[in-house]
Amino acid sequence: PKLSTNSYLEDHEKDLSRDYAYQSKRENATLLMLVRNWEIEGALKSMRSLEDRFNRKYQYDWTFLNDVPFDDDFIEATSAMASGKTFYGLVPTSDWDKPSFIDEEEFESNLQLMHEKGIIYGGSKSYRNMCRFNSGFFFRQTLLDRYQYYFRVEPDVQYYCDFPYDPFEIMRKQRKKYGFVISMYEYEDTIPTLWDAVEEFIADQPDMIDFDTNSYDFITDDSMIGLEMPIIQSNSNYNLCHFWSNFEIGDLSFFRSKEYLNFFEHLDQRKGFYLERWGDAPVHSIAVALLLRQDEIIHFDELGYYHIPFGTCPAAHSIRLRQRCMCDPNAESNIDVKAHSCLARWWKSGGGKYFMKHTSI
Ligand code: GDP
Ligand code: MN
């Protein structure tokens, strides 16, 4: 007699024999990695993991971006690792370097101060270029012009489980514009005046924001009274919750919209990408929370993922077997059940209310 667990294996074998059918179902999308040449090993690890868990069936294109030209070794190895086509883009310096409206002396002294305070990446110039690029310029790169969706991948990440669906297809069919797996609190020291800038934007552009349908409640605490969870001290009305953007699946048309461009332009003028150290994660998250309807944001609950130092692992034993997960939901690194996860707030604020089950497509 067969062991009952054999059925999982048979399902998987069936999937393999259907390889070609999946490729014809591809969406207009690319996997996207901003990466440095010296990160080649971590890039290959991430690619191997995502290819195994998802992409070898679909063979989506990979798009690589860099502020300096990719070297031959990088191109050769990543092309060999990819199941789909690969494209390599050089970011123009105008989309990368510190803009001239940042005062050099003020910049240097702030950098020094943040470094001395021990703020993570507080003294790094290139990190600031990267965060501003990911906030306002990645979607303007010509290599991305022909795609509607992107899936951000970073070096040295892991996908713990087989994908039970094509997340791009879910995005299109359910009209989602932004997808995430992990949400947590930002270090307030990196964004002291970000929320002030956001409040100005809200006051300047009231027509762009619909508080009846957006996720304002998720990123502010007014509506969370009575919710039992540790209070993270915030000096502003922003509760510091953000989607962890190293994993991110998005609709490029949102970032290309005049609403988002306006939002970015407003923040950029406030200089916080350089005089503070605003990350692209809180910037994307606040934009998404203000400008999108809440039902346009999706939490991909069943996609296991790890980026140092946190991961997310499906809680259900049956899902972990069905999707061949290699993770332990009780591990110290699993943020879902930890106090510094914002997921409970996401649910409490109504996130996932419109979630539809889609175990088989
Ligand atoms: P962390 O995840 O916040 O610790 O930051 P990372 O070092 O992982 O950087 C985030 C992403 O930007 C990763 O995909 C990096 O490869 C990429 N990145 C960071 N700095 C640079 C840079 O100066 N040049 C390029 N080309 N990529 C960068
Ligand atoms: Mn990273």
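## Exercises on a predicted model

Of the 361 residues of the protein, 39% count as buried. The model is predicted. Its secondary structure comprises 15 helices and eleven strands. Among contacts between residues at least 6 apart in sequence, 84% join residues at least 24 apart.

### Exercise 1: the sheet

Task. Determine the strand order of the open sheet of seven strands, and name its edge strands.

Solution.
1. The order is β3-β2-β1-β4-β8-β5-β9, and the pairing is mixed.
2. The edge strands are β3 (86-90) and β9 (297-299), since each pairs on one side only.
3. On average, neighbouring strands of this sheet are turned by 20° against each other, direction ignored.
4. At the β9 edge, strand β5 (residues 178-180) pairs with β9 in the parallel sense over three bridges. Tyrosine 178 has isoleucine 297 in β9 as its bridge partner.

### Exercise 2: strand β1

Task. Describe the surroundings of strand β1 (residues 29-34): its burial, its partners and its connection to β2.

Solution.
1. Count the buried residues: six of the six in β1 are buried.
2. Divide them by face. In a regular strand, side chains alternate between the two faces of the sheet. In β1, Ala29, Leu31 and Met33 lie on one side, Thr30, Leu32 and Leu34 on the other, and all are buried, so both faces are covered.
3. Find the partners. β1 pairs with strand β4 (residues 149-152) in the parallel sense over four bridges, and leucine 31 stands opposite phenylalanine 151 of β4. Five bridges join β1 to strand β2 (residues 61-66), also running parallel, with leucine 32 opposite threonine 63 of β2.
4. Follow the chain from β1 to β2: the path goes through helix α3 (residues 40-58), and this β-α-β crossover is right-handed.

### Exercise 3: helix α11

Task. Which residues of helix α11 are buried, and why do they line one face of the helix?

Solution.
1. Check the geometry. Helix α11 (residues 258-269) has twelve residues and reaches 16 Å from its first C-alpha to its last, close to the 16 Å expected at 1.5 Å a residue.
2. List the buried residues: Tyr260, Phe263, Phe264, Leu267 and Asp268.
3. Look down the axis of α11. The buried residues fall within an arc of 130°, and therefore they line one face of the helix.
4. Turn to the other side, where Lys258, Glu265 and Gln269 are exposed.
5. Identify what covers the buried face. The buried residues of α11 pack against α6 (125-136), α8 (194-204), α10 (252-255), α12 (272-275) and α13 (280-291).
6. Read on past the helix: α11 is followed by lysine 271, with a positive phi near 70°.

### Exercise 4: backbone in the loops

Task. Tyrosine 121 and leucine 240 have positive phi although neither is a glycine. Where does each lie, and is each buried, partly exposed or exposed?

Solution.
1. Tyrosine 121, with phi of about 55°, is placed in the loop between α5 (104-116) and α6. A residue needs 20 or more other C-beta atoms within 10 Å to be buried, and 12 or fewer make it exposed. Tyrosine 121 has 17, so it is partly exposed.
2. Leucine 240, with phi of about 80°, lies in the loop between α9 (216-219) and β7 (241-243). With 23 other C-beta atoms within 10 Å, leucine 240 is buried.

Task. Locate the cis peptide bond from isoleucine 308 to proline 309.

Solution. Its omega is near 5°. Proline 309 is found in the loop between β10 (305-307) and β11 (310-312).

Conventions:
Residues are numbered from 1 along each chain as its sequence is written. Chains are lettered from A and ligands numbered from 1 in the order in which they are written. Helices (H or I, at least four residues) and strands (E, at least two) are DSSP runs, numbered from the N terminus. The expected span of a helix is 1.5 Å times one less than its number of residues. The arc is that of the directions from the helix axis to the C-beta atoms. Two residues are in contact if their C-beta atoms, placed from the backbone, lie within 7 Å. Two strands pair if DSSP finds at least two bridges between them. A crossover is right-handed if, with the strands pointing away from the viewer, the path from the first strand over the helix to the second runs clockwise. Axes are lines fitted to C-alpha atoms, for helices over the stretch in contact, and angles run from 0 to 180 degrees between N-to-C directions.
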